[in-house]
Amino acid sequence: MIQIAPSMLAADFLHLSESVETVNKYADIFHLDIMDGMFVPNISFGFPVVEAIAKVAQKPMDVHLMIRHPEVYIERFAAVGASMISFHLEACHDPEPILGLVRNNGAKAGLVINPDKPVESLFPYLENCDFILLMSVFAGFGGQKFIEETIVRVRTLREEIDRRGLRCPIEVDGGINPQNAPLLIEAGAEILVAGSSVFRSSDPESTINAMRGL
Ligand code: DX5
Ligand code: ZN
C-alpha cells in the first residue's frame, strides 16, 4: 500500500489547522521536518508546533530530524507522539545505538541519506531499521527540484531489501509530485513525502490521490 505523507514545512503556519485538516482527511502520515540550522543551513520548527499538531492529528506523525546529535532529542519527540522518527546517517558516527533508542521509545526507527551518499552505505544497518528515508533533494529546504537519479537509487535499495527478505519500507522525500510519483512507486517506494505539490495545489485531495495512482 502506498502512503502519502504531506510535509508540514509547506503548510501555511498562520492557518496551520487547515493544513492539518488536509492530512487528516486525505493523506496517511504527517511528515514533520525538524532543522537545527547546524546540520542543515535552515531552521524550521520545534516542539511547540509538533505538540500543537499532535493534539489534532488523526494520522501518525513522522519526524524527520535534520539535526546534529539526534540522540539527544529522540525521547522528547517520542513523548510528544511521534510514531516514526528518522535521522541522518551523515549526522552520526554509529547509527546502531540511536536506532535502538528510537525503538526503545516505542517509535519506528528510520535512517536517512542525502542524494550524494551511496545507497550501499545503508546496507550494514538495514536489519535494524523499520524504514529507510531516501532524500530526492538535499535536506534543508522545501520546494526544490526532484533529482531524477533517485529512481535508480530506490530500485537498488529495494532489490537489496528484498534479497535479504526484510520488511523495510522505503520513504522518499523532496520534489515529489503526481508526475514523478508513479516512477518512484514502480521502483519500489512505499511512502511518498510531498510538501509543495500538496499545499500549493488548488486541490490537495486530487493531488494526493494522483500520487497514489488513483
Ligand atoms: C527537505 C524536507 C522535505 C521537504 C519536502 O529538507 O525534508 O520534507 O519539506 O518538500 P517539497 O515536497 O516541497 O520538496
Ligand atoms: Zn523531510
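A residue counts as buried when its relative accessible area is under 20%. H31 has 0% relative accessibility, so H31 is buried. That cut-off serves for the rest of this report, which deals with a predicted model.

## The zinc site

Four residues of the protein donate to the zinc ion (ligand 2). They are H31 through NE2, D33 through OD, H64 through ND1 and D173 through OD. Their distances from the zinc ion run from 2.0 to 2.3 Å. Along the chain, the donors are spaced as H-x1-D-x30-H-x108-D.

What is the arrangement of the six donor atoms around the zinc ion? The angles they subtend range from 70 to 169°, and the arrangement is therefore octahedral. For six octahedral donors, the ideal angles are 90 or 180 degrees.

Are the donors H31 and D33 buried or exposed? H31 is buried, at 0%. D33 is buried as well, because its relative accessibility is 5%. H64 also counts as buried, with a relative accessible area of 0%.

## H64 and its surroundings

H64 sits in strand β3, which spans residues 61–66. Beyond its neighbours up to four places away in sequence, H64 touches H31, L32, D33, I34, S86, H88, V112, L133, M135 and D173. Among these are H31, D33 and D173, which are donors of the zinc ion too. The side chains of H64 and H31 are joined by a polar contact of 3.4 Å. S7 lies 57 residues from H64 in sequence, yet their C-alpha atoms are 9.8 Å apart in space.

## Ligand 1

Ligand 1 has 20 residues around it. Which of them come nearest? They are G140, D173, G175, G195 and S196. D173 is also a donor of the zinc ion (ligand 2).

Three side chains place a polar atom by an oxygen atom of ligand 1, as listed here.

| Residue | Distance from side-chain polar atom to an oxygen atom of ligand 1 |
|---|---|
| S7 | 2.9 Å |
| H64 | 3.2 Å |
| D173 | 2.6 Å |

On its own, ligand 1 has 380 Å² of accessible area, and the protein covers 99% of it.

## M66 and H69

M66 shares strand β3 with H64. M66 is buried, because its relative accessible area is 2%. Leaving out neighbours within four places in sequence, M66 is in contact with D33, I34, M35, D36, F39, V40, H88, A139 and G140. One of these, D33, donates to the zinc ion. Another, G140, is listed with the residues that come nearest to ligand 1. D36 is 30 residues from M66 along the chain, and their C-alpha atoms are separated by 6.8 Å.

H69 lies in the loop between β3 and α3 (74–79). What is phi of H69 near? The value is near 50°, which is positive in a residue other than glycine. H69 counts as partly exposed, at 49% relative accessibility.

## Helices

Start with α1, residues 16–26. Its buried residues are L16, S19, V20, T22, V23 and N24. Residues three or four places apart in an α-helix point the same way, because each turn has 3.6 residues. What do the buried residues of α1 pack against? Their partners are β1 (3–6), β2 (30–35), α2 (47–56), α7 (196–199) and α8.

Helix α8 covers residues 204–212 and holds S206. S206 is partly exposed, with a relative accessible area of 38%. Y26 is 180 residues away from S206 in sequence, but the two are 9.0 Å apart in space, C-alpha to C-alpha. N209 lies in α8 too. N209 is partly exposed, at a relative accessible area of 23%. V198 is 11 residues from N209 along the chain, with their C-alpha atoms separated by 10 Å.

T150 is in helix α5, residues 150–163. Is T150 buried or exposed? T150 is buried, because its relative accessible area is 1%. Apart from neighbours within four places in sequence, T150 is in contact with M135, S136, V172 and L184. M135 is touched by H64 as well.

Conventions:
Residues are numbered from 1 along each chain as its sequence is written. Chains are lettered from A and ligands numbered from 1 in the order in which they are written. This is a predicted model: local features need pLDDT of at least 70, side-chain atom pairs count only at pLDDT 80 or more; totals for chains, interfaces and linings use all residues. Side-chain values use heavy atoms; hydrogens and water are left out. Helices (H or I, at least four residues) and strands (E, at least two) are DSSP runs, numbered from the N terminus. Buried means under 20% relative accessible area, exposed over 50%, partly exposed in between (1.4 Å probe, protein chains only). Donors are N, O and S atoms within 2.8 Å of the metal (3.2 Å for Na, K and Ca); water is not among the atoms, so sites may look incomplete. Four donors count as tetrahedral if all angles lie between 85 and 135 degrees; four count as square planar and six as octahedral if opposite donors are over 155 degrees apart and all others between 65 and 115; anything else is irregular. A residue is near a molecule or strand if one of its heavy atoms lies within 4 Å of it. A polar contact is a pair of N or O atoms within 3.5 Å; within protein, one must be able to donate a hydrogen and the other to accept it, and residues adjacent in sequence count only if both atoms are side-chain atoms. Accessible areas come from the Shrake-Rupley method with a 1.4 Å probe; for residues, only the protein chains shown count as cover. Contact means heavy atoms within 4.5 Å.
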